[in-house]
Structure formats: structure tokens, C-alpha cells
Amino acid sequence: MCDITQRSSTFLFPKICSIFWRFHHTSTSHWCSCSKTISDEKYQDPFQLGRKDLKNLYEDIKKELLVSAAELKEMCDYYFDGKGKAFRPMIVVLMARACNIHHNNSKEVQASQRSVAIIAEMIHTASLVHDDVIDDANSRRGKRTLNQIWGERKAVLAGDFILSAASVALARIGNTTIISVLTQVIEDLVRGEFLQLGSKENENERFAHYLEKTFKKTASLIANSCKAVSILGCPDPKVHEIAYQYGKNVGIAFQLIDDVLDFTSCADHLGKPTAADLKLGLATGPVLFACRQFPEMNAMIMRRFSKPGDVERAWKYVLQSDGVQQTTYLAQRYCHAATREIRKLRPSPEREALVHLTEMVLMRDK
């Protein structure tokens, strides 16, 4: 299951439903015991461990965005207000430390590795700005979007500028391998957006399409950023693959839970409107699983919930089905895969923090 995103579009949706239906009835106790095993180990708070290396993160990002035009500067600084959790940079610096310790017991994050964390946050934020324009979104992180304040054209240009500044910072690292790894993220983001704009008529291909889109839009950034810092800290290709697989699996799980929260969390808590995906015409995990119990949703999926009442009916069907449960179980499987990968590294506080992070991903509520 951990290699699910690399499978072809012939992936059978009925088969995955069958697998997770059986998982629901036979493996719940197994999940509980696994969770207990992780929790019983010495607790390592990822955010506490990563705090030292992320100090002044947003100030350093703003230094990369130096620009004379006051309006553009204000737009670029808008989301870099220091109020975010810096989830992606935190994973990156923890992975850097874990790989450095694994290689030569070095407990310091290299300057180039920290730069990768900064670049990852910049690429992520630029993608959010562009996504909000594409989706005509009104709110992000509990406040108005750039496109709502400054208009679509200026928001696109601001996103472009952030991305260009990230590219300059990437080139400054001076490592062609790292440049290749992280530019793959930008390509994946674009390809993922195109995948999101399309849909598959064949039910059996829809889930593979959804997971591929999820990888490219969300998980690729985490996977390739983790791989980049592992390359900078350790010459072993096996470690690079461990870092990549951890990031990929955590990234997919993160987005699966995000898709669940679109149905289960209130708008104020989530920081954006609920049912947002349905209103955009998107069939996420909970919808695809619900479709097995309510086949009449197929027609709604193909017309992207465009008819009056489609969004409300689909919402009702999802909550009446086990779609939310099954999507959560799928996220658990990806987190299990991430845990298996990271445990291949030498024990360290950072490794255990990355293990604990998989639990945090599953339990988050916004």
C-alpha cells in the first residue's frame, strides 16, 4: 500500500474498498496496539526539537523576498507572519538531524539543510497563493486570501515572485543534485493541479487518479525535501530512499486527513470553508469510498457536483456512509508505512519525533 501512488491507472477501486473493509473489521485492535507501542516510547515533541533550527525562520524567508515595491513586499509577507506551525520545515530539519546522526553522529543541522527547509516553506506558500486564485478562495488560515484583497492578477504575480525567490535560494546551495530533486517538486505541483482539473469516467481508475494527484500536490514537496537534506547529510542511497519514502507516506496521510476534515471540522476551526472540495467539484477520498455504498454519486462526480443540490446530497451521502472512516484507515496505513521506513535509521530523539509525528498527523483537527 505504501507504493500506491506509483501504480498505474489500472488500480482496482473495488479491490481497495474490499481491503479496507476487511481492515476495518479485522485490524482495528491491531492499530490500537501499534499506536500504544509508539506512545509508550520516550515522548519526543517534534515542534520542541525543531524549534532551535527554525528560530527566525520567517525573518530569514522575508530576507529572501527583499523587494523595493511596497505593495509587492506587503503581499509576499502576508502569509509569512510567523503564525503558522511551519509543519514542512519542521519535518525537514528533523529529518536532517536524524540522517546526520545516522551517518556520523553529527547533531547539527548544516546551513544548506536549513536552506532546504526555508525553500520548502516558500514553495509551499507560493503554491497556496496560486491555488487560491485557481479556486477563487475567500479565506486561508483564518484570514482573507491574497486574491480577495489585491485581486487575482497581483496574487498570481506575488506567487510567482515567491517561487522565483525560492529558486534563487536553491541555486545558492550550489549542488546540482539538490536543484534537480527540488525542481521536481515544482513540476509535480503543476502536474498535480492539472490532474485535479480532470476526472476519470472509469470508477476503477478514479482512486488511482486521486492518489496520484494527492502525491503530486502535497506529498512530493515533503518527500523530495526530506530526500534533499538526506543527500546533503549522508552519502548512502538507502538513506535517501528512506527519507523520501517517509516524506511521501506522511505527506499522503496528511492530505487524506485534510480531506476528512473537510467533512468533519467546522469552518472556524479549520480556517477555511467546509465542503470546500465538493463546491470545487472535487471527489476526495471520503466521496470515493461513499460512492461504493451510494452508486448514484457517480453521476454527480462526473458533472463535478455542478447541478443545484449536488453538494448537499453528496455531503449527506458521505456522512451516511463509512467514507470518512475508510479514508482515515487509509491514512493510518500510510502512517504505518512511514514509521516502518524511519525506524530503519539509527535511534535518535529526532527519529522518535518523526515517529510521533505520524500520530500527530492522524489526530490533528485543523
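Hi everyone. When I say that two residues are in contact, I mean that they have heavy atoms within 4.5 Å of each other. Please keep that in mind, and keep in mind too that this is a predicted model.

Let me start with K154, where that definition is useful straight away. K154 sits in helix 9, which covers residues 152-173. If we leave aside the neighbours within four places in sequence, K154 is in contact with E71 and M75. Along the chain, K154 and E71 are 83 residues apart, yet from C-alpha to C-alpha they are 9.6 Å apart in space. K154 is partly exposed, because its relative accessible area is 37%, and partly exposed covers the range between 20% and 50%.

Now let's step back to the whole protein. There are 19 helices and two strands in its secondary structure. The protein has 366 residues, and 56% of them are buried. What share of the contacts between residues at least 6 apart in sequence joins residues at least 24 apart? That share is 75%.

A117 gives us an example from the buried side. You will find A117 in helix 7, which runs over residues 111-135. A117 counts as buried because its relative accessibility is 0%, and the cut-off for buried is under 20%. Beyond its neighbours within four places in sequence, A117 is in contact with P89, V92 and V93. V93 is 24 residues from A117 in sequence, and their C-alpha atoms are 6.6 Å apart.

For contrast, have a look at M363 in helix 19, residues 349-363. Is M363 buried or exposed? M363 is exposed, because its relative accessibility is 70% and anything over 50% counts that way. Its C-alpha lies 8.6 Å from that of I257, although 106 residues separate the two in sequence.

Next, a pair of helices. Helix 6, residues 87-104, packs against helix 11 at an angle of about 30 degrees, and the two axes are 8 Å apart. The crossing of helix 6 past helix 11 is right-handed. Which residues meet there? On the helix 6 side they include F87, I91, V92, M95 and C99, and on the helix 11 side they include L221, I222, C226 and V229. Sorted by class, this contact has ten nonpolar, five polar and one charged residues. V92 may sound familiar, as it is also one of the residues in contact with A117.

If you follow the chain past helix 6, you come to the loop between helix 6 and helix 7, and N105 lies in it. N105 is not a glycine, but it has a positive phi of about 65 degrees. As background, most residues other than glycine have a negative phi. N105 is partly exposed, because its relative accessibility is 44%.

There is another case of this kind at R304. Here phi is near 55 degrees, again a positive value in a residue other than glycine. R304 is placed in the loop between helix 16, residues 297-302, and helix 17, residues 310-320. R304 also counts as partly exposed, because its relative accessible area is 25%.

Last topic: empty space inside the structure. Rolling a probe the size of a water molecule over the atoms shows where such space is left. How many cavities of 30 Å³ or more does a search of the whole structure find? The search finds three. The largest cavity holds about 200 Å³ of space. It is lined by 16 residues, and G198, S199, H209, L282 and A283 are the closest to its centre.

Helix 10, residues 176-197, and helix 11, residues 203-233, each supply at least two residues of that lining. Helix 11 gives the largest share, with four residues. By class, the lining has six nonpolar, six polar and four charged residues.

So helix 11 is a good one to find on your screen: it packs with helix 6, and it also contributes to the lining of the largest cavity. Thanks for listening!

Conventions. Residues numbered from 1 in each chain as written. Predicted model: local features only at pLDDT ≥ 70, side-chain atom pairs only at ≥ 80, totals over all residues. Heavy atoms only, no water. 1 Å grid on protein atoms, 1.4 Å probe; cavity = no way out; pocket = protein on both sides within 12 Å on 5 of 7 lines; lining within 4 Å. Points joined across faces, edges and corners; volume = space filled by probe spheres on them. Nonpolar A, V, L, I, M, F, W, Y, C, P; charged D, E, K, R; others polar. Axes fitted to C-alpha atoms, helices over the stretch in contact; angles between N-to-C directions. Left-handed = near helix turned anticlockwise from the far one by under 90°. Buried < 20%, exposed > 50% of the residue type's maximum accessible area, 1.4 Å probe, protein only.
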